[in-house]
Amino acid sequence: MQIPQTGQPAVNLMPNLYENDFYTWTQEQANLLRYHQWNQLDLLNLIEEIESLGRKERQELRNRLSILIGYLLKWEYQPKQRSRSWLATIRVERREILRLLSENPSLKPYLEEALQESYQNSRDLASGETNLPLSTFPQQCLYLFEEILSDRFYPGEPTTDDLMK
């Protein structure tokens, strides 16, 4: 396989291409795979990138959980400040987490660990956005994972206005 710009074999340029033009490197790797050019693959970097993809899915789950739980904490501890914006964020994050889990069912065994890892970020988010002391929020997450993802779960005192309609 040749790289059109230089006419040199792809295998000779892969390490430099990986460092200098990642997008082109990805396209070249895809072409090499597509055409079964196994001996020309940049295996070390390819392995690293595939492993990185898996880590990104776990990171996305943790990030989304942090935001969702942070908003649930805000909802519970500042009921007078509730807004449609908070409600929308809770709903969006729930849908995105469910989508992520649907597309990556192998993340399900990681849920409890992700929940524990995310919770401290959730506390920080809730404290920062409510101006309540960090000590206001429990040290450990008191919500069950099933509750967190349930579209019927909104912690704290019930909302009495038309916010939920």
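**Salt bridges, cores and helix α2 in a predicted model**

User: Does Glu93 count as buried or exposed?
Analyst: In this predicted model, Glu93 has a relative accessibility of 9%. The cut-off for burial is under 20%. Glu93 therefore counts as buried.

User: Which residue forms a salt bridge with Glu93, at 3.0 Å between the closest N and O atoms?
Analyst: The closest N and O atoms of the pair are 3.0 Å apart, and the partner of Glu93 is Arg64. Because Arg64 lies in helix α3 and Glu93 in helix α4, the pair ties together parts that are 29 residues apart in sequence. The partner asked for is Arg64.

User: How far apart are N and O in the salt bridge between Glu96 and Arg99?
Analyst: Both residues lie in helix α4, 3 residues apart, about one turn of the helix. Glu96 is partly exposed at 24% relative accessibility, and Arg99 is partly exposed at 28%. Salt bridges that share partners put both in one network with Glu60, Arg64, Glu93 and Glu103. The N to O distance in the Glu96 and Arg99 bridge is 2.8 Å.

User: In the salt bridge of Glu129 with Lys74, what separates the closest N and O atoms?
Analyst: Glu129 in helix α5 and Lys74 in helix α3 are 55 residues apart, so the pair links distant parts of the chain. Lys74 is buried, with a relative accessible area of 2%, while Glu129 is partly exposed at 42%. The closest N and O atoms are separated by 2.4 Å.

User: Which helix gives the most to the largest nonpolar core?
Analyst: This core has 30 residues, and those touching the most other members include Leu61, Leu65 and Ile69. Helices α3, α4, α5 and α6 each supply at least two of its residues. With 8 residues, the helix that gives the most is α3.

User: How many residues make up the other core, the one with Leu17 and Tyr18?
Analyst: This core lies apart from the 30-residue one. Its members include Leu17, Tyr18, Trp25 and Leu46. The buried residue Asn45 is in contact with Tyr18 and Trp25. The number of residues in this other core is 6.

User: Within what arc do the buried residues of α2 fall?
Analyst: Helix α2 covers residues 22-34 and reaches 18 Å from its first C-alpha to its last. Its buried residues are Trp25, Glu28, Gln29 and Leu32. Seen down the helix axis, they line one face, because they fall within an arc of 100 degrees.

Conventions
Residues numbered from 1 in each chain as written. Predicted model: local features only at pLDDT ≥ 70, side-chain atom pairs only at ≥ 80, totals over all residues. Heavy atoms only, no water. Helix = DSSP H or I, 4+ residues; strand = E, 2+ residues; numbered from the N terminus. Expected span 1.5 Å × (residues − 1). Buried < 20%, exposed > 50% of the residue type's maximum accessible area, 1.4 Å probe, protein only. Arc of directions from axis to C-beta. Contact = heavy atoms within 4.5 Å. Core = buried A, V, L, I, M, F, W, Y, C linked by side-chain atoms within 4.5 Å. Salt bridge = Lys/Arg side-chain N within 4 Å of Asp/Glu carboxyl O. Lists of a residue's contacts leave out its neighbours within four places in sequence.
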